[in-house]
Amino acid sequence: MSRERILRELQVLLVGGQVAELVSNGREFVIYRDVPTGGARLSLPSATDVIVPVPSGYPASPIDGAGLSVDSPFLPKVKGGPNSQGIVAVEGINWQLASYHPHGNGGGPPWDQVKHGFHTYFDHLISWLENIT
Amino acid sequence: MKREKRIIVRLADPEFSQLKTLLFSRYPYDEWATFARFGWRDTKQALVLTLAALDPPSNGDLDESVGHVKITEPYTLGRALASETHSLAVGIIHSHPRECAPRPSPIDDDMDKYYSTYFGDFAKDRPYVSLILSIVRDQLVASGRVFWKGRWLLVNRFVAETYAVETWIGGYAPKPPENANRGRVARFTSAFGAEASERLRQATVAVIGAGGTGSMAIEVLARAGVGRLIIVDPDHLSESNLERVHGSQPDQVNKGTPKVIVARQHVRAINETCKVEAYLGALPQPEVLDAVITADVALGCTDQQHSRLSLSDLSFRYLIPSIDCGVMLEGENGKITGQVLQLVRFLAADPCALCREMVFPHRISEELMSPEEREFRQAEAEAAKNRGEDPNPYWQGIPQLNTVGYLTGIAGAMAAAYAIGWITGRFSPPFSRTQMNLIAEYFDVQDIPANARELCSCRRAHGHADQGQIDALISAPSHWPRAKLLSEM
């Protein structure tokens, strides 16, 4: 994992007002705090925390997937949410990873480590949580 | 007795060419100088410094009215203040007149004593570097010293990418070459010259991958008299390797012998004076990196894209000239349609593997996944297929390339040849990335040029070594077992 690079990317987000942290349970993740959602129209929270695994070999490997706490009301409503990709325990919370692949033919551009990172992945997460059904 | 840390200084173009032009601009009698910035990596065995940038003098920064180097205070202060805006080490590089040894004079001693303290106040916890270059008997010679952690350390070795630079430790000429084993390379020496043979004897080559191509490269280098080989491979010999791994024997398959041990035993049998460091591991693991950055040249001999990307990363951040080689046997059911080999040159100024579009993120991702994740994703891909969905987001599959021993042998031997050319300073690869097809007319030789992308790390972190970690193209997966240096039985 390229810790320095990830921290720089999270710093870019922070400048824009978005808090995100690099955490570990033996495997590394980024937790985005209070990501805005489109939940208001469905009487759901307007923000939620999201976890994203740091891929092995980052930044050579694309960022892939996203997770919500197992009791999140958004899980059944987000793209790939019902298709669990495993449950991880991080910081005392059980997170369920969803089948969400924006850089793997999932609506986003192909991964380009020169342009993309955890800062740009945030844009995908906003879309993911906006387009709930 | 505690062994003194080795100090290695790595130089590469375009800075190295600029440096020579600048330093020898008042030759043959007068000196000149420039401040410079260096990346570095501090390991247990060595402190490796890499020239990242020159900060040449402007008009009036050096006193042109004197033959020796006289630096004005504004030039010094400017570089000191600038050091607070970057994380690189600072140093001064100057020339001595032609035919004068690069031995520090009393003036140089005073200068270094003053600067090591002065820059220590601005660029804290960074080495201070002082290098001297000269031309003696038409040979570029260099010496240097580094103030690091409260001590002065002499530079033991200069590695200048594809140029042959003679290192004068402490400013003293190296001892004349030994004559042992010269009979072995008599025919090589008659063409290349005795000094080329000596350079090989003092050189280190890192070979990443000890399979078909790597084992051939190792054999060629050991027979040519290369002094030290760093061999890296995480795998153990399997039966299908016997067709192409030089030095391999069936009983080693039964014993599950690591490929690096097969290679080391083979080198021993060929040339017992060649030192071998055998690493069970892969790039970019830190233990492997520590060793590889001490090499004069690195050869990439794996069919793994992450290895290719790592090698490319080393070439621009640590200034390690590299050749990557690969082969592909095309065809099936007895019909052979192509026998292709590829050689790629990675010099510090060359476009990286990303810019050359030689690697694909999803392929690398799958190579680097843990076995559990791989298994899970393959099952998910199968399930997606059964649902009538696209399986590719889960798993695209790593194609198993067909290969054959004579192809890997040719590619490995060619890579070794160019390593020898660089080390001896006698020739360089006449291509940036070449492919040839053994069964096409005139081999259908092609050079595949590419340009670096403006925003790529390879343009930004040139020579930044560990200080350019933020621009690393790849990191070692945490699930990989720690790399091990395998000791002699």
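This passage walks through a predicted model, starting with the overall build of chain B and ending with its contact with chain A.

Chain B is put together from 14 helices and 18 strands. Its radius of gyration comes out at 24 Å, close to the 23 Å that the globule rule gives for 489 residues, so chain B is as compact as a globular protein of that length. Laid along its principal axes, the C-alpha trace of chain B spans about 80 × 60 × 50 Å. Half-hidden is a fair way to put the next number: 50% of the 489 residues of chain B count as buried. Then there is the question of who touches whom along the chain. Among the contacts in chain B with a separation of 6 or more, 70% link residues that sit 24 or more positions apart.

The domain assignment splits chain B into two pieces. Domain 1 covers 6-171, while domain 2 is written as 190-360 + 398-486. Taken over C-alpha atoms, the centres of these two domains of chain B are separated by 32 Å. Where the domains meet, 22 residues come from domain 1 of chain B and 22 residues from domain 2 of chain B. On the domain 1 side of that contact, three strands of chain B each supply at least two residues: β1 (6-10), β2 (33-42) and β3 (46-55). The largest share of this side, five residues, belongs to β3(B). As for chemistry, the domain 1 side that touches domain 2 of chain B has 13 nonpolar, five polar and four charged residues.

Strand β3 of chain B turns up again in the packing of a helix. Helix α1 of chain B runs over residues 15-23, and its buried residues are B:Glu15, B:Phe16, B:Leu19 and B:Leu23. Why do these buried residues lie on the same side of α1(B)? They cover an arc of only 95 degrees around the axis, and that puts them on the same side of α1(B). What do the buried residues of α1(B) pack against? Their partners are three strands of chain B, namely β3, β4 (89-95) and β5 (128-136).

Finally, chain B also meets chain A. The contact between the two chains takes 20 residues from chain A and 26 residues from chain B. On the chain A side, the residues that touch chain B divide into seven nonpolar, 10 polar and three charged.

Technical notes. Residues are numbered from 1 along each chain as its sequence is written. Chains are lettered from A and ligands numbered from 1 in the order in which they are written. This is a predicted model: local features need pLDDT of at least 70, side-chain atom pairs count only at pLDDT 80 or more; totals for chains, interfaces and linings use all residues. Two residues are in contact if their C-beta atoms, placed from the backbone, lie within 7 Å. Ala, Val, Leu, Ile, Met, Phe, Trp, Tyr, Cys and Pro count as nonpolar, Asp, Glu, Lys and Arg as charged, and the others, Gly among them, as polar. Domain bounds come from an automatic or database domain assignment. Helices (H or I, at least four residues) and strands (E, at least two) are DSSP runs, numbered from the N terminus. A residue is buried if 20 or more other C-beta atoms lie within 10 Å of its own, exposed if 12 or fewer, and partly exposed in between; C-beta atoms are placed from the backbone. The arc is that of the directions from the helix axis to the C-beta atoms. The radius of gyration is taken over C-alpha atoms; the globule rule is 2.2 Å times the number of residues to the power 0.38.
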